[in-house]
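This report looks at how side chains pack in a two-part order, beginning with nonpolar cores and a helix and ending with aromatic rings.

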Amino acid sequence: MKMRILSALMLVAIIFTGCGKDVAENSPAPTPSTSAASEPTPEAKTKSKYYFEHNGVKIYMDDEAKPILEKLGDPPFGTFESPSCAFQGIDRTYYYNGFEVYTYTEGDDDKEYFFTVRLMSDAVSTTEGVSIGDKAEKVIETYGKEYTETSNQYVYADQNSKLSFKIVNGEVTDIEYSMIFGEE
Amino acid sequence: MKKKKIISIVIVILVITSIAVLLQKLLMPKYMTQIVEGALIKEYYYEKLKDHDVMFIGDCEVYENFSPITLWEEYGITSYIRGGAQQLVWHSYYLLEDTLKYEKPDVVVFSVLAMMYNEPQREAYNRMNIDGLPLSLTKINAARASMLPEEDLITYVFPLLRYHSRWSELSSEDYRYWLRRDQISHNGYLMRVDVKPAGRLPTPRLLDDYRFGETAYKYLDKITELCKKNGIELVLIKAPSLYPHWYEEWDQQMVDYAEKNGLLYINMLDDIDKIGLDFEMDTYDAGLHLNLSGAEKASRYFGNILKSRFNIPDKRNDEKLKAIWQEKADYYYKMEQEQYRELEEYGYLLKFNMKRNEENKIKP
């Protein structure tokens with residue numbers, strides 16, 4: 001009798017080991033409804049001071065994209081979709097006049113979030129007025145000297161976002177807002 | 001009396017173990033009708049003759065872009081692709097280590113796109129690349145190298161401990177494939193015949209640092225060493241996928257690495273015209289991966305390099321191999337026809353469009 005009880009207890013122990021964790025969060029099958037690695041999207045406690053604004057619409061990194069994209073209107077140059085291997089989310093790029101907006105989703109594709117805005121021409125500028133083609137000095141005048149310099153870029157970081165200016169021959173050639181992943 | 005007790009204990013242990021094994025088989029994801037990429041790693045162990053001239057390791061840029069059937073039909077080269085979804089460099093290293101327990105290929109081809117990652121990304125990808133390995137020290141080391149902080153090593157040894165919570169999500173697929181598996185790939189190649197032309201690609205994002213990371217290099221060094229130790233030629237390859245962007249700075253690092261280590265590095269993006277790729281027709285997802293026609297073109301091109309550079313003999317006259325590969329080719333062409341039929345009937349491929357299946361209430 002003792003043996004039977006012990007056996008039953010062992011079996012139950014094997015099956016339910018780890019049940020202390022939340023099932024939805026812990027479910028390992030990488031299906032659309034239960035991504036193995038689905039994690040709550042980090043949300044910045046305070047909004048970053050670096051955000052892109054176009055026609056009065058503000059884009060903050062890691063903000064939910066759909067309501068903002070609706071305000072921006074249909075991207076005149078279309079979109080590009082890049083599904084992750086084995087359906088673990090989709091990255092999308094929306095092509096607007098003068099800038100590209102990048103979003104990501106987790107496994108279920110229900111919500112998408114901004115992770116990059118890339119300025120493509122001098123038809124648009126940063127919220128503080130720096131455009132492609134401006135002198136490097138203007139970047140420093142506008143944003144200050146508190147930047148890190150890497151790979152010919154001046155990188156300004158705040159909260160979950162960074163603003164990067166690529167400088168070639170003293171001029172801004174690329175501007176990009178991007179999300180700092182893992183930053184809360 | 002004592003003997004009886006021992007027998008009882010042994011019986012109880014055997015029963016519990018059997019139940020646990022059966023439960024584990026039931027609860028582990030099957031990857032048969034959706035996310036089929038997850039079935040690739042395990043499928044290798046069902047291979048009847050584990051003796052290949054060429055072994056591919058890497059991410060989707062190998063298992064979507066090269067066709068072993070074409071390499072056989074055009075050059076008599078036997079090959080297998082041990083690719084996995086977002087297979088990272090350390091996954092590839094341990095997969096190669098495990099593969100070498102079964103066979104010693106003449107050439108190993110490593111897809112260098114994975115060098116862009118220096119740390120584990122998602123548990124789902126770890127699972128798809130590691131769970132299919134038989135239990136061994138190699139598997140344990142693979143898990144150790146790959147785990148995210150929230151993962152437990154014990155769950156790679158006893159996956160039931162990780163998958164037990166799937167009991168409430170079990171589907172008909174889990175019961176149908178409880179004790180058996182369908183063949184998903186063609187020697188590791190995941191076939192897709194659908195077409196989605198490449199259009200405008202996103203502008204490459206700025207990176208803070210274009211150097212590959214130390215961990216990525218550490219495991220590339222280990223792959224190089226493992227190949228040298230076993231007398232295997234290692235080829236580094238950048239497959240002809242247009243996206244994610246392959247930066248010039250990355251390319252140069254691979255050129256330098258290959259030169260330093262006496263390896264062949266081929267960036268097939270430089271040879272798109274020579275390969276004959278037409279990204280209006282040869283890709284199923286706008287340039288990320290090649291479809292069947294693209295993979296066959298890439299394989300013809302790459303097979304010629306393999307043959308001429310490494311003198312891999314044409315084995316098409318070997319009767320035993322001929323029979324084995326004929327069977328493989330038959331299944332390949334059968335699947336090709338089946339996929340065209342699905343495209344005609346549904347407008348898309350069922351195994352690769354879960355969302356549309358849900359919308360259309362289709363269970364593949």
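## Cores, a helix and aromatic contacts

In this predicted model, the largest nonpolar core comprises 65 residues, of which B:Phe56, B:Phe66, B:Met268 and B:Phe302 touch the most other members. The most is given to this core by helix H14 of chain B (residues 292-310), which supplies eight residues. Leaving aside residues up to four places away in sequence, B:Phe302 touches B:Phe56, B:Phe66, B:Val109, B:Val235, B:Ile237, B:Ile266 and B:Met268. Another core, of 46 residues, lies apart from it and has among its members B:Leu95, B:Leu220, B:Ile223 and B:Tyr265. In soluble globular proteins, nonpolar side chains tend to be buried together.

Helix H15 of chain B (residues 319-346) can be checked against its expected length: at 1.5 Å a residue its 28 residues should span 40 Å, and because the end C-alpha atoms are 40 Å apart, the two values agree. At the start of H15(B), a side-chain oxygen of B:Asp318 comes to within 3.0 Å of the backbone nitrogen of B:Lys320, while the residue that follows the helix, B:Gly347, has a positive phi, near 90°. Buried positions in H15(B) are B:Leu321, B:Trp325, B:Lys328, B:Ala329, B:Tyr332, B:Met335, B:Glu336, B:Gln339 and B:Glu342. An α-helix has 3.6 residues a turn, so residues three or four places apart point the same way. The buried residues of H15(B) pack against helix H4 (68-75), strand E2 (79-83) and H14 of chain B.

Over all chains, a search of the whole structure finds 37 aromatic pairs. Two of chain A are set out here.

| Aromatic pair | Centre to centre | Angle between planes | Arrangement |
|---|---|---|---|
| A:Tyr96 and A:Phe99 | 5.1 Å | 15° | stacked |
| A:Tyr143 and A:Tyr156 | 5.4 Å | 40° | tilted |

The tilted pair links distant parts of the chain, since A:Tyr143 belongs to helix H4 (residues 136-143) and A:Tyr156 to strand E8 (residues 153-158) of chain A, with their positions 13 residues apart in the count. Both A:Tyr143 and A:Tyr156 are buried, and A:Tyr96 and A:Phe99 are both buried as well. In chain B, one aromatic cluster is formed by B:Tyr210, B:Phe212, B:Tyr217, B:Trp246, B:Tyr247, B:Trp250 and B:Tyr257.

Lysines also lie over ring faces: A:Lys47 is over the face of A:Tyr60, at 4.7 Å from the ring centre, and B:Lys50 is over that of B:Tyr44, at 5.9 Å from the ring centre.

Note on methods: Residues numbered from 1 in each chain as written. Chains lettered and ligands numbered in written order. Predicted model: local features only at pLDDT ≥ 70, side-chain atom pairs only at ≥ 80, totals over all residues. Heavy atoms only, no water. Core = buried A, V, L, I, M, F, W, Y, C linked by side-chain atoms within 4.5 Å. Buried < 20%, exposed > 50% of the residue type's maximum accessible area, 1.4 Å probe, protein only. Helix = DSSP H or I, 4+ residues; strand = E, 2+ residues; numbered from the N terminus. Contact = heavy atoms within 4.5 Å. Expected span 1.5 Å × (residues − 1). Polar contact = N/O pair within 3.5 Å; in protein donor to acceptor, adjacent residues only side chain to side chain. Phe/Tyr/Trp six-rings, centres within 6.5 Å; stacked < 30°, edge-to-face > 60°. Lys NZ or Arg CZ within 6 Å of the ring centre and 35° of its normal.
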